[in-house]
Amino acid sequence: MKFRGCFSIFRVKKRKSKESDQNSIDVAVLEAALKKLDAVALIDILGRRSQEQISKISELFKKKTDKELSAALGEALQDKGDFCTLAKSLVSPAIEFDVTSLHTALEESLPNENIIIEILIGRSNDEIIRLKEEYQKIYARSILQDVSVKTKGHFRSLLEELLKAERIEIADLDMASINEDVVALYKSGEGRIGSDWKKFVEILSKRSELHLREVFTGYLVNDKKKDLVEAIKSEFSGDFQHALVALVQSVNDKPTYVSDLFDKATREWGQENELLIRLIVRYRELDLIKKSFKA
């Protein structure tokens, strides 16, 4: 079974037949495909149905077979490696998959900051709140509690601010405020000896994305030498730098930021399969991302 075949998830189709009838057909096809280990049939359904459709198919599968679809896939595909992992992940809510991936990253002896950044950076307030609620539901403790214990330094402070979900999401543009932030970022980084990291965290974690995109443009015009990403790379290091850069890139152009992650995962085939699975599960229905990736 070829893991690459699962890229058909980017062709989610609307079904013409009555939904309840089509769900019954899909369940029957899945049952047969699991018995025959028919990868093509499995991909055709798991990769071409929306999360809402998969949820209804799973409910009907459970009612008909008295077995969870995820468990049935795990049993049938147990020796199929990444294909098994992806198939099971596609029938679980994306938010649940992100939460379990985040928990695993935090529980490692040395927390995997790359996964933490990938999952928490670029989220809306609502998405952050849903992640926190799901994490609490599954693990009976808060993300913030684990982040505070497992991470450290400026990186931890940035994550703690992002997890407050206090970004302004709707706001009119105020050029005076934009210019103030441009100057504040410059004076907190390149324009002084040492860096005021707190000002970077405050501005990048709280301001609206529309406001920040104007700040990024204004910073380049004001500095004339470096854009904000280059300035961050020259002023900071380590996980804090990586998180700030990811934050700027995701705010500035989310589709390109995500398609770059896909590009990284596909270029490092075999080493980044877990990243690719997370990205497929998270972004499978976002048309803007798919268009950018195809480009």
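Which element gives the largest share of the lining of the largest cavity? In this predicted model, that element is α15, with three residues in the lining.

It helps to start with the cavities themselves. The structure has two of them at 30 Å³ or more, and the largest encloses about 110 Å³ of space. Its lining is made up of 16 residues, and those closest to the centre are Arg123, Ile128, Leu162, Arg167 and Ser205. Helix α15 (238-252) has company here: α8 (125-139) and α10 (153-162) also give two or more residues to the lining. As for the chemistry, the lining is a mix, with seven nonpolar residues, five charged ones and four polar ones.

Helix α15 turns up again in a helix pair. Its partner is α14 (residues 228-235), and the two pack with their axes 9 Å apart, at an angle of about 175°. An angle over 145 degrees counts as roughly antiparallel, so α14 is roughly antiparallel to α15. On the α14 side, the contact is made by Leu228, Val229, Ile232 and Lys233. Facing them from α15 are Gln241, Leu244, Val245, Val248 and Gln249. Sorted by type, the residues of this contact come out as six nonpolar, two polar and one charged.

Then there are the aromatic rings. Five aromatic pairs are found in the structure, one of them formed by tyrosine 186 and tyrosine 219. The ring centres of these two tyrosines sit 6.4 Å from each other, and their planes are 50° apart, which makes the pair tilted. Where along the chain do tyrosine 186 and tyrosine 219 lie? Tyrosine 186 belongs to helix α11 (residues 175-188), while tyrosine 219 belongs to helix α13 (residues 209-223). With their positions 33 residues apart in the numbering, the pair links distant parts of the chain.

Terms used: Residues numbered from 1 in each chain as written. Predicted model: local features only at pLDDT ≥ 70, side-chain atom pairs only at ≥ 80, totals over all residues. Heavy atoms only, no water. 1 Å grid on protein atoms, 1.4 Å probe; cavity = no way out; pocket = protein on both sides within 12 Å on 5 of 7 lines; lining within 4 Å. Points joined across faces, edges and corners; volume = space filled by probe spheres on them. Helix = DSSP H or I, 4+ residues; strand = E, 2+ residues; numbered from the N terminus. Nonpolar A, V, L, I, M, F, W, Y, C, P; charged D, E, K, R; others polar. Axes fitted to C-alpha atoms, helices over the stretch in contact; angles between N-to-C directions. Parallel < 35°, antiparallel > 145°, perpendicular 65-115°, else oblique. Contact = heavy atoms within 4.5 Å. Phe/Tyr/Trp six-rings, centres within 6.5 Å; stacked < 30°, edge-to-face > 60°.
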